[in-house]
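Good morning, colleagues. Please take a moment with the sequence and the structure before I turn to the side-chain contacts.

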Amino acid sequence: MKVGIIRCMQTEDMCPGTTDFKVAAEGTFAFKDLGPCEIVGYTSCGGCPGKRAATRAKMMVERGAEAIAFASCIKKGNPIGFPCPHYAQMIESARKKLGEAITVIEWTH
């Protein structure tokens, strides 16, 4: 399956996304139900409050992503220990914009 990943803009300079790529390729953690996945896009939410996340998710789907994953830095706050206060809104907005045919994964590892 082809997956696009959206990450927190505030963690870009602290995390290269290595674990996101690894668990997607292995089909582990949040990708367990999908099996091994190919990452076809990796971008940020666009910065607080994450208004660009849904549009960026749709753009990745238009370019081949079959699922969209929100990186753990957004939901769990890795590595800064501060989960995004706009997380629920971003997920809801992405699901609304993408429709039910696209799987939205709420975390990665």
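Is Tyr-42 buried or exposed? The answer lies between the two: Tyr-42 has a relative accessible area of 24% and is therefore partly exposed. I should say at once that what you see is a predicted model, and that the values I quote are computed from it.

I begin with Tyr-42 because this residue belongs to a tilted aromatic pair, its partner being Phe-21. A search of the whole structure returns one aromatic pair. The ring centres of Phe-21 and Tyr-42 are 4.9 Å apart, and the ring planes stand at 45°, so the arrangement is classed as tilted. To be called stacked, the planes would have to be under 30 degrees apart, and to be called edge-to-face, over 60. As for location, Phe-21 sits in helix 1, residues 18-26, while Tyr-42 sits in strand 2, residues 38-44. The two are 21 residues apart, and the pair thus links distant parts of the chain. Phe-21, at 38% relative accessibility, is also counted as partly exposed.

Let me move to the charged side chains. How many salt bridges does the structure hold? There are three.

One of them joins the side chains of Lys-58 and Glu-62, with an N to O distance of 3.7 Å. Both residues lie in helix 2, which spans residues 53-62, and they are four residues apart, about one turn of the helix. Their accessibilities fall into separate classes: Lys-58 is partly exposed at 32%, whereas Glu-62 is exposed, with a relative accessible area of 59%.

Another salt bridge brings together Lys-75 and Glu-106, again with N to O at 3.7 Å. Lys-75 belongs to helix 3, residues 72-75, and Glu-106 to the segment after strand 4, so this contact ties together parts that are 31 residues apart in sequence. Lys-75 is partly exposed, at 35% relative accessible area, and Glu-106 is partly exposed at 24%.

Glu-106 also meets the side chain of Arg-95, at 3.1 Å from N to O. Because Arg-95 lies in helix 4, residues 87-98, and Glu-106 in the segment after strand 4, the pair ties together parts eleven residues apart in sequence. Through shared partners, the salt bridges join Lys-75, Arg-95 and Glu-106 into one network. Arg-95, at 38% relative accessibility, is partly exposed.

Finally, the cysteines. How many disulfides does the structure hold? The count is zero. Cys-45 is in no disulfide, and the nearest cysteine sulfur, that of Cys-8, lies 5.4 Å away. For Cys-48, likewise in no disulfide, the nearest cysteine sulfur is that of Cys-84, at 5.6 Å. The cut-off that matters here is a pair of cysteine sulfur atoms within 2.5 Å. As to their surroundings, Cys-45 is buried, with a relative accessible area of 5%, whereas Cys-48 is exposed, at 53%.

In closing, I would leave you with three points to look at on the screen: the tilted pair of Phe-21 and Tyr-42, the network of Lys-75, Arg-95 and Glu-106, and the absence of disulfides. Thank you for your attention.

Definitions and conventions. Residues numbered from 1 in each chain as written. Predicted model: local features only at pLDDT ≥ 70, side-chain atom pairs only at ≥ 80, totals over all residues. Heavy atoms only, no water. Phe/Tyr/Trp six-rings, centres within 6.5 Å; stacked < 30°, edge-to-face > 60°. Buried < 20%, exposed > 50% of the residue type's maximum accessible area, 1.4 Å probe, protein only. Salt bridge = Lys/Arg side-chain N within 4 Å of Asp/Glu carboxyl O.
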